Amino acid sequence: MTIDYRRHFEEHAGHYSEQVAPLFAVTHRHLASWAAGLPPTRVLDVACGDGRVAAAIAEHGHEVIACDRSAPLVHRAGRARVHALIADAHALPLRDGSVGAVVCNLGLQFFDQPVVALREMARVVERGKPVIITIPDKSVGAVVPAAPPPTEALAAAGLAIVAEQTLAEQVHLHDVSAIVAVWRVELGTRHELAEVSDEELFDLAGVLVQRAGGGVGVSLGFRVYSCTAG
């Protein structure tokens with residue numbers, strides 16, 4: 001079973017923004033801290049989702065361009081100092097070297113052609129400037145589709161890794177719909193669950209929440225790749 005992620009985020013934008021995105025707060029905090037130490041510049045947020053990372057970066061005095069291919073999410077992303085636009089990461093509508101930094105938080109695993117998207121990020125950022133990529137870390141049980149280490153893809157895109165870091169956090173899922181939303185995404189990499197219906201997923205999530213006393217604990221892990229464009 002292969003999930004159409006474009007359609008998934010189009011149909012579940014509200015639920016993703018309210019119930020799922022907050023689970024990744026550890027990456028949001030990390031990128032906000034990174035932005036705090038960055039000299040004021042224009043930052044591109046690729047696969048921006050509902051724009052919470054873009055907003056956190058903008059709070060530190062940066063001009064932010066936030067793009068995503070999901071229109072409902074982009075509409076949520078626009079706010080002060082954030083210019084939100086609907087755009088595909090594989091063909092960014094920006095000039096070469098037109099931004100001073102790029103971030104892509106938990107988006108790489110959803111791209112049809114990751115190397116193409118990374119090359120686009122390398123193209124639009126100024127030479128030698130930072131490109132920050134975060135991905136789920138399979139080793140500590142991330143609940144979004146696990147992504148293989150992107151080292152080869154980054155190198156193929158002309159991006160040099162200057163630092164790597166692991167982020168981890170324990171979260172509790174209390175909402176049955178949130179659990180099912182997470183599972184719907186994970187089904188793309190779990191072939192043994194391909195035939196499970198939504199009704200069965202809701203029933204199972206309800207049982208787990210009840211047995212766990214109102215919440216299901218999940219360990220989330222992420223890898224951060226700090227790169228520069230060659």
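**Exercises on a predicted model**

Setting aside neighbours within four places in sequence, Leu159 touches Leu118, Ala122, Val131, Leu154, Cys227, Thr228 and Ala229. The model is predicted, and the exercises below start from this residue.

**Exercise 1.** Place Leu159 in the fold and decide whether Leu159 is buried or exposed.

Solution. Step one is the element: Leu159 belongs to strand 6, which covers residues 159–173. Step two is the accessibility: the relative accessible area of Leu159 is 5%. The cut-off for buried is under 20%, so Leu159 with its 5% counts as buried. Step three is a distance: Leu159 and Ser226 are 67 residues apart along the chain, and their C-alpha atoms are separated by 9.4 Å.

**Exercise 2.** Do the same for Gly230: state its segment, its contacts and whether Gly230 is buried or exposed.

Solution. Gly230 lies in the segment after strand 7. Its relative accessible area is 63%. Exposed means over 50%, therefore Gly230 is exposed. With neighbours within four places in sequence left aside, Gly230 is in contact with Arg127 and Gly158. From Gly230 to Ala155 the C-alpha distance is 9.8 Å, with their positions 75 residues apart in sequence.

**Exercise 3.** Find how many aromatic pairs there are, and classify what is found.

Solution. The count is one aromatic pair. Its members are Phe24 and Phe222, with ring centres 6.0 Å apart and 80° between the planes. Centres must lie within 6.5 Å, and planes over 60 degrees apart count as edge-to-face, so the pair of Phe24 and Phe222 is edge-to-face. The next step is to locate the two residues. Phe24 sits in the loop between helix 2 (13–20) and helix 3 (25–36), while Phe222 is in strand 7 (residues 216–229); at 198 residues apart, they link distant parts of the chain. Phe24 is buried at 4% relative accessible area, and Phe222 is buried as well, at 1%.

**Exercise 4.** Which ring does the charged end of Arg223 sit over?

Solution. The charged end of Arg223 lies 5.9 Å from the centre of the ring of Tyr225 and sits over that ring.

**Exercise 5.** Find how many disulfides there are, and check Cys48 and Cys104.

Solution. The count is zero. For Cys48, the nearest cysteine sulfur is that of Cys67, 6.3 Å away. A disulfide needs sulfur atoms within 2.5 Å, so Cys48 is in no disulfide. For Cys104, the nearest cysteine sulfur is again that of Cys67, at 8.6 Å, and Cys104 is in no disulfide either. Cys48 is buried, with 8% relative accessible area; Cys104 is buried at 1%.

**Exercise 6.** Describe the protein as a whole and say where the pLDDT is below 50.

Solution. Start with the elements: the protein has nine helices and seven strands. Of its 230 residues, 52% count as buried. Among contacts with a separation of 6 or more, 74% join residues 24 or more positions apart. The exposed area is about 10,600 Å², of which carbon and sulfur atoms supply 51%.

Then turn to confidence. The mean pLDDT is 82, and 77% of the residues reach 70 or more. By element, the lowest mean pLDDT belongs to helix 1 (residues 5–11), at 54, and the highest to strand 1 (residues 42–46), at 98. Over residues 139–143 the pLDDT is below 50, although this stretch has 15 contacts in the model beyond near neighbours in sequence. Predicted coordinates should not be read in detail where pLDDT is low.

Definitions and conventions:
Residues numbered from 1 in each chain as written. Predicted model: local features only at pLDDT ≥ 70, side-chain atom pairs only at ≥ 80, totals over all residues. Heavy atoms only, no water. Phe/Tyr/Trp six-rings, centres within 6.5 Å; stacked < 30°, edge-to-face > 60°. Helix = DSSP H or I, 4+ residues; strand = E, 2+ residues; numbered from the N terminus. Buried < 20%, exposed > 50% of the residue type's maximum accessible area, 1.4 Å probe, protein only. Lys NZ or Arg CZ within 6 Å of the ring centre and 35° of its normal. Contact = heavy atoms within 4.5 Å. Areas by Shrake-Rupley, 256 points an atom, 1.4 Å probe, with all protein chains shown as cover. pLDDT = per-residue confidence, 0-100.
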